[in-house]
Amino acid sequence: MADNTPDFPVRGCGSHRNRFSCARILFVLILVSLILYPVLAAPSAGPENMSGIVWEKTFGQHIQGSGHAVIMTNNGGVAATGEVLGADGIPRLSVVTADGNGNLLWEYVGGEGTYEGNSLMQTPDGGFIVAGSSGDGVRTGVLLLKLDSGGRIEWNRTFLAGTSGQADAIRITSDGGYVIAGSVQGDSGPGSSNWDGYILKTDDQGIEEWSRFFKGVKNDYCTAIEQTPDDGFIVEGTTDSYGTGGNETFLVQLNAHGDEGWFTTFGGQGYDRGIGFSRMADGGFTVATLSCNPSDAATNCTLGVIRTDSRGNELGRTVIPVPRGADGTAFATSAGGSGAIAFSTGGDGSNQTGGEVLLTVLDDTGAILSSGSYLSPDGLAVSGIAVAGDNYAITGSGTGASAGHGPVIMLIGTGRETPGLLAPTQPAETGPGDLRVTVREADTGEIATDALVYLDGSAAGLTSESEGNILLQHVSEGGHSIRVTRDGFAETTKTVDIEGNQNLTVFLSPSKVIPVIVNGPPEGKIDVVFVASKTQYDCTNQEKVATDTYTANRTLFQQDVSNLISDNYLSLDQYTSGQIGLPSDYKDRFNFYYYWDKDNFADAFDGCAGTLPDHFWENAPFADVVIIVYPTYTGLYSGTCQPDGCASGLGLGTHSWVKIPADGGKLILHESGHAIFGLIDAYCGDTYYTEDDPFPNVWSTGAACSKASTSWNTSTCKQITGPALSPGSASCSKQFWEYDPEPNIMGVGVYSYFGKFGEAETTRIDYIFNNIGGVKKA
Amino acid sequence: MKLRSLVIGCLLICLLLVGPVCGAYPSEDYSKVLVLHLNISNGTVNEQSVEMQYGHPPSLGFQTGDIHGILKTSEGKVINEFDLWDPRYQLGDGVVISDNSTNLSIIGAVNYSDTADFTLVMPYYADQMTLDLTDKRTGSLLKTVNFSSAIGRFRATYPDDPGVNPSPGFRLQIPEIRLPSGDTLAYLVIGCGLITLVIMMIIVMFRKK
C-alpha cells in the first residue's frame with residue numbers, strides 16, 4: 001500500500017517535541033481569555049425586553065362588563081373584580097378567577113343592589129374579600145363582600161355613611177380584619193353635597209370597629225390605603241380642599257385607632273389625582289399621581305412617581321408623559337417594591353383592530369427599568385394592574401368590536417419566568433433573609449455603582465456596575481443599619497427592619513464638601529474649607545445687606561476660591577522670608593475644599609467672624625480652618641464700620657474660622673496668619689497679644705525677643721507702638737516686642753503691595769508645616 | 001528557564017485575576033469623631049448635644065487659648081490633651097483710611113461676648129470616655145463631657161464596626177475574608193477554575209517530560 005502520509009510534519013500535541021509549543025498556545029489562549037473575560041462577562045446594561053402577551057381573555061357573556069381591579073392569586077392564577085350589566089340593565093358586582101393559563105375557574109355575579117367591585121384581596125383561607133359599592137335603592141354606600149375559595153358568598157355588609165358612597169381600596173390588617181378607603185357624599189347632613197374621604201376599619205367578619213372622615217370645604221376622596229408596621233395606616237387620596245390650589249394628591253397618616261398624624265400634599269396648578277402608592281423598605285413611600293393640565297386635560301397629562309421619606313416629604317420624582325389619547329391608567333407595586341404603570345390607547349370602540357397597552361416597569365424607587373407596548377385584541381381600556389415578579393396582570397373593559405361582554409384580563413410576561421402558570425407572588429429576586437440594597441443618586445435617580453455598603457458598621461461590598469445594587473444574604477430578622485459611602489456623595493445611613501427578604505433603596509445626595517485640591521488624607525494636611533456668605537456690609541448705611549452674588553452664582557464662588565488659593569496659599573513662598581524658607585513641598589501640605597449647601601450659607605456679618613451654615617461641622621468635621629468669603633464691602637469704608645476681616649480662633653484645629661472679603665488683598669493671609677499659623681497682630685491696636693510658643697512672632701519682653709535668634713538683638717527687636725489713629729488720641733504702646741519689620745502682613749503691611757511675613761513669622765509658619773500630621777522636616 | 005517562565009506566567013495570571021477583584025474596591029473608612037455642641041455663658045460651659053459619627057477629625061495641638069482640653073479613658077488615663085481658643089473672643093481687623101485715600105492703616109478690635117455657642121470635634125479613641133475642659137487662667141474645671149451615651153448609641157447602630165466593640169483583653173485582629181457578591185463572585189469562581197487548569201497543564205507537561 002502506498003504511504004499516504006503527507007510529507008510535512010504533523011502538528012499534533014502528542015509528541016514530546018510539540019508539547020511545549022502546544023502548551024504555549026494553550027497558555028496564550030488562557031491568558032487572552034482572562035484578559036477578555038471582564039469585558040465578555042460583563043452583564044449587558046439597559047432595559048430588558050418584554051417577551052409579550054401570555055394571554056388575554058374576556059370573561060363573561062353579559063351585555064357589558066369591565067374589570068376594575070386585578071390581583072395575582074396564591075395558586076398562580078389571577079382574580080379580578082368589576083361590574084357587569086345583565087339583561088335587566090342593572091349593574092352588578094362581578095368577580096372572576098382564572099388559572100395561570102387564562103382558564104376561567106369561576107365567576108361570581110352579585111345580587112341586586114351590588115353595583116361594583118373596586119378592590120379585592122385574597123384572604124388567608126383562600127377566599128376573597130371584595131370592596132366596592134352597593135345600595136338600598138335610595139342610597140349607595142361602601143360594600144364589603146366575603147367569598148370563599150370557590151366563589152360562594154360567606155357574608156356581605158353595606159355601610160351607608162351618606163347619600164352616596166363607594167370603596168376604592170381594601171387591605172387585610174395585621175389583626176385579621178379589614179381596612180377600607182373610599183369616599184362618601186352627603187355625610188354632613190341633609191343638603192351637603194361635598195364628597196369626603198372615608199376610612200373604615202372592621203374586624204374579620206366585617207363588623208365596624210371605627211370609621212373616620214377626611215373632610216374639607218370642597219370635594220376630597222380617599223383612594224388607597226396601606227397598613228404600616230406600627231399598625232397605623234397611610235391613606236392616599238385626592239383633595240380639592242387643601243394644598244396650593246386645584247385638586248392635589250395627598251398622603252395622610254393615621255394611627256392604629258384612626259387618629260390623624262402627618263399630612264402632605266403633592267401637586268401644582270393642574271388637576272392631580274392619586275392613583276396608588278406603596279411603602280418602601282426604608283419606611284418611605286412611592287406615590288403615583290396623575291397630573292393633567294386643566295386647559296387640555298385630554299391630551300396633556302403626566303404621571304409622577306414621587307419618592308418620599310417616612311413622613312411624606314418629597315425626595316424626588318420621575319415624571320412620565322401620559323400618551324395622547326390615553327383612555328386608562330393604572331399603577332401597582334409588587335411585594336418586593338417594584339412597580340408598574342399601564343396606559344391604554346386607542347380602545348375607543350371604533351378601533352376594529354383593538355387598542356394598545358403600554359407597560360412601564362419601575363424599580364422600587366420609581367425609576368424606569370423598561371417599557372413595552374402590546375396590541376390588545378380586545379381593545380383593553382386599562383383600569384387595574386397587578387405585579388408578581390416579572391408578570392403583569394392588567395384588567396379593564398374591552399372596547400373592541402368583539403369584546404365588552406365582561407371583564408378583560410391581559411397577562412404579560414417579561415420572559416424571565418415560564419409563561420403560562422404564574423410565579424408565586426413573592427419576589428423572586430431574593431431568598432429568605434436576603435436584603436438587596438440598591439443605591440441611587442438622589443438628584444437624578446440614576447443607579448450608583450461602586451458605592452461601598454456597610455451592614456451594621458462592617459463593610460459588605462460594592463454595588464454592582466450593572467444594577468447598582470448588592471445582595472446581602474442571610475441578614476437576621478430585626479433592625480439593621482445600612483451605611484453607604486461613595487466618592488463625591490454625602491455618606492448616608494438607613495435603618496431597616498428585616499422581615500424575611502426585602503429590597504432597600506438608598507439615595508445619596510451630592511456631598512456638601514467639594515474638594516478643590518486634595519493632596520492626601522485630612523489627618524496629614526492643613527484642611528482649609530471655603531464657605532460662601534449670603535451677606536455683605538454697606539458701610540455707607542452701616543447695615544448688613546443680603547446678597548446673592550455667590551448664592552445665585554456658584555461658578556463665581558468657585559472662581560473666587562480658586563483665585564484666593566492660588567494667589568495666596570500657593571504663593572506663600574513669595575510672601576514669606578527667603579532667609580527662613582518653607583518646606584519645598586509646602587503646597588502639598590494643604591488640602592482645599594469648598595462647602596456648598598444650596599439651602600444654607602454662611603452669614604459673614606452675624607457677629608465679628610460671622611456664622612457658619614447649619615450642620616457645617618457634621619458635614620466637614622475634619623476642617624482645620626474655615627474661610628467665610630463675602631463678595632465685597634459696599635459703600636464707603638470708614639473705621640467705624642464692621643471689621644472687614646475677623647478670626648475666631650488662634651491656630652488651626654477644631655472650631656477655627658475667619659471671614660474675609662474676596663477682594664481684600666492680603667487680608668486673607670493676615671487672618672490665616674491668626675487662624676492657621678497662630679500668629680499675633682504685629683500692629684499696635686486694641687487687639688490680642690500673647691507670646692505664642694513655640695516660635696512666637698511677638699514676645700512679652702525685649703530680651704525674650706532678642707534671644708529668639710542669634711542674629712537678633714535688642715536693637716532689632718522693637719516694642720509694639722504706633723501713631724495715634726485719630727487726631728487728639730494718645731499714641732499706642734504695648735508691652736510686647738516684635739522683630740519683623742514693616743511692611744509686615746501681620747502689621748500694617750497687610751494693605752501694602754510689598755507686605756510679607758517676616759523672619760519670625762516665617763519661622764512659625766515653617767514650624768506648623770513641619771508638624772502638621774506629625775510630619776517632620778528632613 | 002522554561003520552568004521559570006511558566007512560574008512567572010502563572011504569577012502573572014494570578015495577578016490578572018486578583019487585580020479586578022481586589023483593586024477596584026475603594027478603601028473602607030471607619031474613622032470616627034465625636035461632635036460636641038456646647039455653649040459657654042458667664043463662665044459656665046453647657047452641653048447641648050454630643051454625637052458620635054463617621055468622619056475624620058481636625059488637627060489638635062496647634063491651637064492657642066485659655067481653655068485646656070483633656071481626653072481621658074473610662075479609667076481616667078489621659079489619652080490626649082491640647083489647648084483650645086476661648087470661643088467668647090474674636091479678633092477683628094479693620095482698615096482705616098487716613099488723610100487721603102492712599103494712606104491705609106489697620107486697627108484691631110477684640111470682640112468679646114459673655115455667651116457663645118461653639119462646636120468641638122474630637123477624634124475617637126478606643127475606650128475614650130470623657131473630655132475635661134478647664135480654664136487655664138483659674139485652673140477651674142469648666143465641664144466634663146461624658147461620651148458614654150453617644151458611643152453607646154453609635155455602637156447600637158453600628159454593632160459590627162471593627163473599632164467600637166469593646167474587646168475584653170487581647171484580641172487578635174484577623175481581617176474577615178469576605179466573599180464578593182454578584183458579578184464579582186462569578187468572576188472569582190471562573191478565575192479560580194482557570195488557575196486550576198493552568199496548574200494542571202503545567203503538572204502534566206513536566207510529568208510527561
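**Reading helix α4, a sheet and the confidence of chain A**

User: Which are the buried residues of α4(A)?

Analyst: A residue is buried if 20 or more other C-beta atoms, placed from the backbone, lie within 10 Å of its own (exposed if 12 or fewer, partly exposed in between), and helices (H or I, at least four residues) and strands (E, at least two) are DSSP runs numbered from the N terminus. In α4(A) the buried residues are L667(A), I668(A), L669(A), H670(A), E671(A), S672(A), G673(A), H674(A) and A675(A). Because 9 of the 9 residues of this helix (667–675) are buried, α4 of chain A is largely enclosed by the rest of the structure.

This is a predicted model, in which local features need pLDDT of at least 70 and side-chain atom pairs count only at pLDDT 80 or more, while totals for chains, interfaces and linings use all residues. Residues are numbered from 1 along each chain as its sequence is written, with chains lettered from A and ligands numbered from 1 in the order in which they are written.

User: How many strands does the open sheet have, and in what order?

Analyst: Strands of a sheet pair through backbone hydrogen bonds, either parallel or antiparallel. Two strands count as paired if DSSP finds at least two bridges between them. Here 4 strands of chain A form an open sheet in the order β10-β11-β12-β13, with antiparallel pairing, and its edge strands, β10 (164–172) and β13 (208–214), each pair on one side only. Strand β12 (195–202) of chain A pairs with β13(A) over 6 bridges, and K201(A) has W210(A) in β13(A) as its bridge partner.

User: What does chain A average in pLDDT?

Analyst: The pLDDT is the predictor's confidence in each residue, from 0 to 100; chain A averages 83, and 85% of the residues score at least 70.
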